[in-house]
Amino acid sequence: MAKKIDYKFCFGPWNISEGQDPYGPTTRPAQTFDWKLAQLKKHGFEAMMFHDDDAVPDIDSKSEQQIRKEAKELKKRLDGLGIVAEMVAPRLWFAPQTIDGAYTSNSKKDRQYAIDRSLRCIDIANILDTDLIVLWLAREGSYLRESKDAGRALDYLVEALDKMLAHDKRARLCIEPKPNEPMDHAYVPTIGHAVAVSSLTRDPKRVGVLIESAHAILAGLDPADEIDFAMKFGKLWSLHLNDQNGLKYDQDRPFGNVSLRSAFDQIRALERNGYGRNGEYVCFDVHPFRTTKPEHWMDHLLNSRRTFELLVKKVRSFDEKAAAKLVADRNYQALDQMVLEHLLGK
Ligand code: GLO
Ligand code: MG
């Protein structure tokens, strides 16, 4: 039997958020980036995810040379703290140039901005010693169908991915699909779409996917099936575990918060496919509740990790042989109860 994986965990600085929502201000005082790094270390997480401007603040106002210099300084600090950078992601959804989309904007000049910024992001990743570039395609989609052409958008997207692949032979691009929010409809809403896009690029082997549980749920899909699908193609290179209560705004709830059973199924899918065997991290893209007091600020992350670890034990102690027998007998009623009682500790 294959060796059991010792999972490695990470999160991003944006996961220690301050409680603002579209209707109200922050509820916790802002903390520095260094404080967030210190929290990560203190609580035994191995790696940090970075947006390009987490690594180099105000990136758009800085020269290539300055960006490299600041990235090198950050790398030194990370080395000093013993923190690994899991990935770097271009935060393409804030800039005025991306109002009408980033890689798929109708404006040639603005598409070029998105590409140039992504190349700088790859340079930062190089310096931080990670080959993983995460692309959450936040503004690639439409609010108004007639304003864009989905086929042309795909051409633009592939053109941008090809430029990134050509810029650095080591970089691996990891598409993080999400079906909606901020867009009404995204052009790459699911893992199937992302895998299909990869096949159109100049180097499909270096274009993979990142599954976020909540994004799969928002697409009406089962995150565990998305995991099995992506791993069948050898393309699951990162993971944002969290939870989501139905089809509404993106909630980024703690892992297992809504459905323990779904969380169990996601881990079962990770385990049977050997996620982590090539060094992949388990990342939690979760946010504290708005009501969370500053002294409980890390709990959503610690609880997500704890739930994950407890459920790994549940998956490993699940009687797979007995389950297979019930499957062979098509006794899914008993299988259903068996899963429930296992989760209930019976
Ligand atoms: C939002 C996304 C976002 C990304 C992050 C990394 O819905 O999940 O949090 O994961 O910006 O690119
Ligand atoms: Mg995410």
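**Strands, core and ligand site**

Visitor: Which residue in β2 is the bridge partner of F11?
Guide: This is a predicted model in which local features need pLDDT of at least 70, side-chain atom pairs count only at pLDDT 80 or more, and totals for chains, interfaces and linings use all residues; side-chain values use heavy atoms, with hydrogens and water left out. Residues are numbered from 1 along each chain as its sequence is written, chains are lettered from A and ligands numbered from 1 in the order in which they are written. Strand β1 (residues 9-11) runs parallel to β2 and two bridges join them; strands pair if DSSP finds at least two bridges, a strand being a DSSP run of E with at least two residues and a helix a run of H or I with at least four, numbered from the N terminus. In β2, the bridge partner of F11 is M48.

Visitor: How many of the five residues of β2 are buried?
Guide: Buried means under 20% relative accessible area, exposed over 50% and partly exposed in between (1.4 Å probe, protein chains only). A47, M49 and H51 point one way from β2, M48 and F50 point the other way, and all are buried. Strand β2 (residues 47-51) is therefore largely enclosed by the rest of the structure, the count of buried residues being five of the five.

Visitor: Which helix gives the most to the largest nonpolar core?
Guide: A nonpolar core joins buried Ala, Val, Leu, Ile, Met, Phe, Trp, Tyr and Cys residues through side-chain atoms within 4.5 Å. The largest has 84 residues, of which Y103, L236, F284 and F308 touch the most other members. With nine residues, residues 108-127 give the most to this core, and they form helix α4.

Visitor: How much of the area that ligand 1 exposes when taken alone does the protein bury?
Guide: 14 residues surround ligand 1 (a heavy atom within 4 Å), the closest being H51, E176, K178, E212 and D285. A polar side-chain atom of E212 lies 2.7 Å from an oxygen atom of the ligand, while for H215 a side-chain N or O atom is 3.2 Å from a ligand oxygen; a polar contact is a pair of N or O atoms within 3.5 Å. Taken alone, ligand 1 exposes 330 Å² (Shrake-Rupley, 1.4 Å probe), and the share that the protein buries is 94%.

Visitor: What relative accessibility does E73 have?
Guide: E73 has its place in helix α3 (residues 64-81). V56 and E73 are 17 residues apart in sequence and 9.8 Å apart in space, C-alpha to C-alpha. E73 counts as partly exposed because its relative accessibility is 41%.

Definitions and conventions:
Polar contact = N/O pair within 3.5 Å; in protein donor to acceptor, adjacent residues only side chain to side chain.
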